[in-house]
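Thanks for asking me to look this one over. My notes follow as numbered points, to be read with the structure open beside them.

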Amino acid sequence: MSIKFIHASDLHLDTPFEGLKILDPKISDMLKDASLTAWDRLIDLAISDEVDFVVLAGDIYDGRSRGVRARSRLLNGLRQLSEHSIKVFIVQGNHDPVDEGGLVPADQRLTDVYVFPPRTPGKVAFSTKDGDDVEVHGISYGTRSETEDLSKFLERPSHDSFSIALLHASVGGDPNHEPYSPTTTAKLESLGFDYYALGHIHTRQVVSADPYIVYSGNSQGLSPKPSELGLKGCYEVQVDKDQGPRLTFVQLGPVVFSHVKVDISDSDSLPEITDLISSAAEKFVSSEYLDTETAAVVLRVTLTGSLLGTRVEESSLIEELNDHLSDTRSEIPIFVTSIRFEHLIKDISNPFIATAAVSSLAALRANEAQLENRLIHESLEELITTPFAPVGAYARELLNDALILSELVQDVQSHVEALIQEQFQDNGQEKQT
Ligand SMILES: [Mn+2]
């Protein structure tokens with residue numbers, strides 16, 4: 001037995017990358033084509049590696065409109081695979097459910113393309129060119145929000161074939177994704193398939209290796225969110241006689257979203273901070289992404305440490321940084337899209353922070369259980385309007401995030417305690433000398 005196939009999902013073809021502020025035309029052009037380039041690379045890979053078939057686990061399209069660029073590119077790729085007798089199995093996901101239309105026009109005769117229907121057992125049994133028996137089963141989304149476990153519609157696979165279940169589903173729940181078609185590894189295992197080719201969660205992961213329950217992740221990252229970071233692509237799966245499936249990750253997405261953290265504690269001027277971030281970004285990109293298929297890296301930068309005495313506007317810093325980065329020697333273009341300020345609140349010597357700290361502490365003392373106390377909110381609201389931009393941005397973030405808010409209160413409490421302790425010790429020392 002020797003079966004070779006590609007497992008991909010969440011192509012989100014022609015996604016518009018909404019909400020991303022990309023000012024550099026070179027990068028925005030690259031992004032505009034990134035999801036389509038990833039699809040073209042998948043087709044090239046399937047043909048050059050002579051795989052037997054391709055499984056696509058949902059969210060082929062990105063939005064309701066399913067624009068003409070996405071449709072023609074999909075059709076073109078599927079035609080190429082058909083010409084090479086490479087079968088394609090597809091389920092529709094929450095971004096492209098069946099009630100919003102089929103994936104390919106009915107008048108297109110694509111004999112080797114199988115799109116599974118919703119809410120009814122879909123199954124295709126066939127033999128590969130080497131004579132190995134394969135069964136692919138799958139269930140599509142009928143509507144955008146399938147809240148039932150769709151795996152219950154699957155038929156049992158036959159034991160003498162290599163069997164694959166193709167689903168767009170949430171295994172075990174992931175807070176970053178809508179809990180559509182929720183299921184568990186135990187539930188899937190009990191169905192008896194050899195390989196579960198999953199989509200929906202954009203983070204690539206082998207959930208279980210016996211049997212294989214796998215998320216290929218999306219083929220191109222979509223934003224600087226955690227599930228979208230790093231290299232994106234597909235799994236090429238090889239199944240040989242008496243051997244379990246062997247998975248090889250292949251990068252497809254040309255634009256990589258990533259994240260770099262820079263400590264700016266020791267810098268006290270804007271040019272110094274810009275230099276520090278640029279060199280950190282360049283170093284990070286050259287160590288992580290050389291020798292890859294990456295055409296550009298879109299970075300989110302997190303700054304930690306004190307910004308005392310430095311006035312920094314996020315937008316001007318981003319502009320400055322990108323100017324700086326476009327002149328660098330880095331082989332892969334780097335573009336910074338956002339900057340976050342972390343833990344600046346710890347700098348208790350800043351008068352704004354000290355004010356907030358004291359009122360927060362007072363609030364905490366007054367009512368320990370209620371973190372979303374009026375006083376904390378008031379002091380944070382006050383902070384938003386400070387001329388000290390990073391603190392303002394941080395305060396705004398805190399107001400929208402109860403978890404960070406509670407962390408802040410803990411931080412403040414321990415810092416104020418440390419401060420008191422310090423003063424107490426200083427006094428003690430003074431007495432001794
Ligand atoms: Mn998706």
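1. Since this is a predicted model, confidence comes first. The mean pLDDT of the protein is 82, with 76% of its residues at 70 or more. Confidence is highest in strand S2, at 98, and lowest in helix H6 (residues 351-366), where the mean is 52.

2. Two stretches deserve a careful eye. Residues 343-348 stay under 50 in pLDDT, and the model gives them 20 contacts beyond four places in sequence. Residues 368-372 are also below 50, with seven contacts in the model beyond near neighbours in sequence. Where pLDDT is low, predicted coordinates should not be read in detail.

3. On the overall make-up, the protein contains nine helices and 17 strands. Of its 433 residues, 39% are buried. Among contacts with a separation of 6 or more, 71% link residues 24 or more positions apart.

4. One open sheet has six strands in the order S4-S3-S2-S1-S13-S14, with mixed pairing. Strand S4 (113-115) and strand S14 (246-251) are its edges; each has a single partner strand, so one side of each is left without a neighbour in the sheet. From one strand to the next, the twist averages 20 degrees.

5. Helix H1 (residues 25-48) packs on this sheet, where it touches S1, strand S2 (53-57), S13 and S14. The direction of H1 makes about 180 degrees with that of S1.

6. Within that sheet, both pairing senses are easy to find. Strand S1 (residues 2-8) and strand S13 (residues 233-240) are antiparallel and share six bridges; histidine 7 has tyrosine 235 as its bridge partner in S13. S2 and S3, by contrast, run parallel and are joined by five bridges, with alanine 57 partnered by valine 91 in S3. Strand S3 (residues 87-91) has four of its five residues buried, so the rest of the structure largely encloses it.

7. A second open sheet also has six strands, ordered S5-S6-S7-S10-S12-S11, and its pairing is mixed. Its edge strands are strand S5 (122-127) and S11, each of which pairs on one side only. Here the twist averages 15 degrees from one strand to the next. Strand S7 (residues 162-168) and strand S10 (residues 195-199) run parallel, joined by five bridges, and histidine 168 stands opposite glycine 199 in S10.

8. Next, please look at the S11-S12 hairpin, whose connection has two residues. Strand S11 (residues 205-209) pairs with strand S12 (residues 212-215) in the antiparallel sense over four bridges, and valine 206 stands opposite valine 214 in S12. Proline 211 is in the loop between these strands, and the peptide bond from aspartate 210 to proline 211 is cis, with omega near 0 degrees.

9. Which residues have the most contacts inside the largest nonpolar core? They are Val54, Val55, Leu166, Leu167, Tyr196 and Leu198, in a core of 87 residues. H1 supplies the largest share, nine residues. Domain 1 (2-253) and domain 2 (256-428) both contribute residues, so this core lies between them. Beyond its neighbours within four places in sequence, valine 55 is in contact with Phe5, His7, Phe89, Val136, Ile164, Leu166 and Ala197.

10. Two backbone angles may interest you. Aspartate 14, in the loop between S1 and H1, has a positive phi of about 60 degrees although it is not a glycine. Serine 181, in the loop between strand S8 (170-171) and strand S9 (182-183), also has a positive phi, near 40 degrees. Are these residues buried or exposed? Aspartate 14 is buried, because 24 other C-beta atoms lie within 10 Å. Serine 181 is buried too, with 25 other C-beta atoms within 10 Å.

11. Last comes arginine 246, which sits in strand S14. Arginine 246 is partly exposed, with 13 other C-beta atoms within 10 Å. Its C-alpha is 10.0 Å from that of alanine 209, while 37 residues separate arginine 246 and alanine 209 in sequence.

Notes:
Residues are numbered from 1 along each chain as its sequence is written. This is a predicted model: local features need pLDDT of at least 70, side-chain atom pairs count only at pLDDT 80 or more; totals for chains, interfaces and linings use all residues. Two strands pair if DSSP finds at least two bridges between them. Axes are lines fitted to C-alpha atoms, for helices over the stretch in contact, and angles run from 0 to 180 degrees between N-to-C directions. Two residues are in contact if their C-beta atoms, placed from the backbone, lie within 7 Å. A nonpolar core is a set of buried Ala, Val, Leu, Ile, Met, Phe, Trp, Tyr and Cys residues joined through C-beta atoms within 7 Å. A residue is buried if 20 or more other C-beta atoms lie within 10 Å of its own, exposed if 12 or fewer, and partly exposed in between; C-beta atoms are placed from the backbone. Domain bounds come from an automatic or database domain assignment. pLDDT is the predictor's confidence in each residue, from 0 to 100.
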